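Work through the exercises below with the model open beside you. Try each task before you read its solution.

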Amino acid sequence: MTAVAIWRALGGSDARRRSLWGCFLGFSIALWTKTEVVRIGLNNSSITDASILLKHYSAGAAILAIMYYIVAVYGQYPADGEMARAVRVARVIQRAATKTALASFALMTIMFFTVVDRSVPSDHFVSDHAGQWGATAYMSVFYVYLGSASAICLYQWAGAFRREERGLLRVGLGMMAFAMVLGVAYSFGRMLAMWFWLADQPGYAVAHKIESSTEAMQLLLFVLFALGVSVPASEKGLRRARAWWALARLYPMWRELMAAFPAIPMEPPRSRYRELTRRDMDAELRLDRWIHDVADAIEKLRHHVPDNLMAAAKEKAAHGAVAQAYWIKAALAAKAGGAPAGPVAAFEQQQATDQDGEVAWLRHVANAYRKTDPSQAQRLLATTGATA
């Protein structure tokens, strides 16, 4: 949670990212208060059981951040469109979330310092205070707030899960929705147990066993939520990684084409290292630009080669991508040798249904281009009656 909070802090400043950062920061603080060193240290400080109050403050703030995240995701709709039910719920949340959270925190603070028995520091708050009405009332306020917020999140994310068609995003929404199922069960299950213990005082072992089992449920909730939120981001990260890898494979061919036609690129090509590590442009956008650069360069090369060069290249290559690589290498050699511009020569362009298909094809071409040497280009030109 701490690692994701740091990652989210570096990821941007729009409403969704700020909300997720606040959520992960709050949950990470809450989890740190569960560790033995922090828990015992705070509970034995000048404010007895301070870890409990800090944990509930941070978890409550995290839940409030989730509410704002829901508003950021579902609270927008077209001005001339019909307001969907998810949007209406988000608008209600926006009006009530902050006031409800502040009221809950204020009531919890008053009860913590007045009705909760803190005469002895506790190591496990729920089981140590089983059967005590003050602790039960205090925890009930927190559990109602936590459980209600979890139910709202469950409603939104379960609905989004049913509507979503994209695979990874649907998986992420499903994990987040199931995490909120655990959140509802954890909150109201614990609250009911504590109220039952008022009527029937349990033994410490029984109370501690119930507290430990529900604690495990909560930890699973954190894991599922963190993974669920990260899955859509990982999909975007995978796309960027694939784009970066495609740039690395296309670079040699792209650079030689741009050297032949320096007016095509928006700026002169840099070294491979600088091109692959630059941060001023997204990798996917650069890849799209490189694809257009290569297509423009090929179109210009068609004026510097004989019309039968493509047919000759296809005779020497079993695969279409290899034939294109031979053609490009030979065409660059012809232009470098001073071949004048003339009519447009034939060129067989692979038809792709989308950018992914086009990138995959160009990678095959670039791989074959890298393996093609100048002597092969000269021999190919010789078969067409041209010289390099």
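**Exercise 1. Find the salt bridge partner of Glu267, then place both residues by exposure.**

Solution.
Step 1. Glu267 pairs with Arg270 in a salt bridge, and their closest N and O atoms are 3.2 Å apart. A salt bridge here is a side-chain nitrogen of Lys or Arg within 4 Å of a carboxyl oxygen of Asp or Glu.
Step 2. Glu267 is partly exposed at 32% relative accessibility. Arg270 is partly exposed at 23%. The classes run as follows: buried is under 20% relative accessible area, exposed is over 50%, and partly exposed lies in between (1.4 Å probe, protein chains only).
Step 3. Now widen the view. A network of salt bridges links Glu267, Arg270, Glu275, Arg278 and Asp280.

The model is predicted: local features need pLDDT of at least 70, side-chain atom pairs count only at pLDDT 80 or more, and totals for chains, interfaces and linings use all residues. Residues are numbered from 1 along each chain as its sequence is written, and side-chain values use heavy atoms, with hydrogens and water left out.

**Exercise 2. Describe the largest cavity: its volume, its lining and the classes of its residues.**

Solution.
Step 1. The structure has one cavity of 30 Å³ or more. On a 1 Å grid over the protein atoms alone, a cavity is a set of points where a 1.4 Å probe fits but cannot get out; lining residues have an atom within 4 Å of a point.
Step 2. The largest cavity has a volume of about 110 Å³. Volume means the space filled by probe spheres set on the points, and grid points are joined across faces, edges and corners.
Step 3. Look for Glu267 again: this residue is one of those lining the largest cavity, which also include Glu275, Arg278, Trp254 and Trp290.
Step 4. Helix α11 (residues 283-301) gives the largest share of the lining, four residues. Helices are DSSP runs (H or I, at least four residues), numbered from the N terminus.
Step 5. Sort the lining by class: five nonpolar, no polar and six charged residues. Ala, Val, Leu, Ile, Met, Phe, Trp, Tyr, Cys and Pro count as nonpolar, Asp, Glu, Lys and Arg as charged, and the others, Gly among them, as polar.

**Exercise 3. Which parts of the chain do the salt bridges of Asp123 and Asp282 tie together?**

Solution.
Step 1. The total is ten salt bridges.
Step 2. Asp123 bridges to Arg39, with the closest N and O atoms 2.7 Å apart. Asp123 sits in the loop between α5 (85-114) and α6 (125-128) and Arg39 in helix α3 (residues 36-43), so the pair joins parts 84 residues apart in sequence.
Step 3. Check exposure. Asp123 is partly exposed at 31%; Arg39 is buried at 16%.
Step 4. Asp282 and Arg240 also form a salt bridge (3.3 Å, N to O). Asp282 lies in the loop between α10 (272-277) and α11 and Arg240 in helix α9, so this pair ties together parts 42 residues apart in sequence.
Step 5. Asp282 is partly exposed at 31%, and Arg240 is partly exposed at 39%.

**Exercise 4. Locate the second largest pocket and name its main contributor.**

Solution.
Step 1. The second largest pocket holds about 460 Å³ of space. A pocket is an open set of points with protein on both sides within 12 Å along at least five of seven lines.
Step 2. Its lining counts 31 residues; Lys34, Lys55, Tyr186, Glu215 and Gln218 lie nearest its centre.
Step 3. Elements giving two or more residues include α2 (15-32), α4 (50-74) and α7 (133-163). The largest share, seven residues, comes from α9.
Step 4. By class, the lining has 15 nonpolar, nine polar and seven charged residues.

**Exercise 5. What is unusual about the phi of Asp49, and is Asp49 buried or exposed?**

Solution.
Step 1. Recall the background: most residues other than glycine have a negative phi.
Step 2. Asp49 is not a glycine, yet has a positive phi of about 60 degrees.
Step 3. Asp49 lies in the loop between α3 and α4. Asp49 is buried, with a relative accessible area of 0%.
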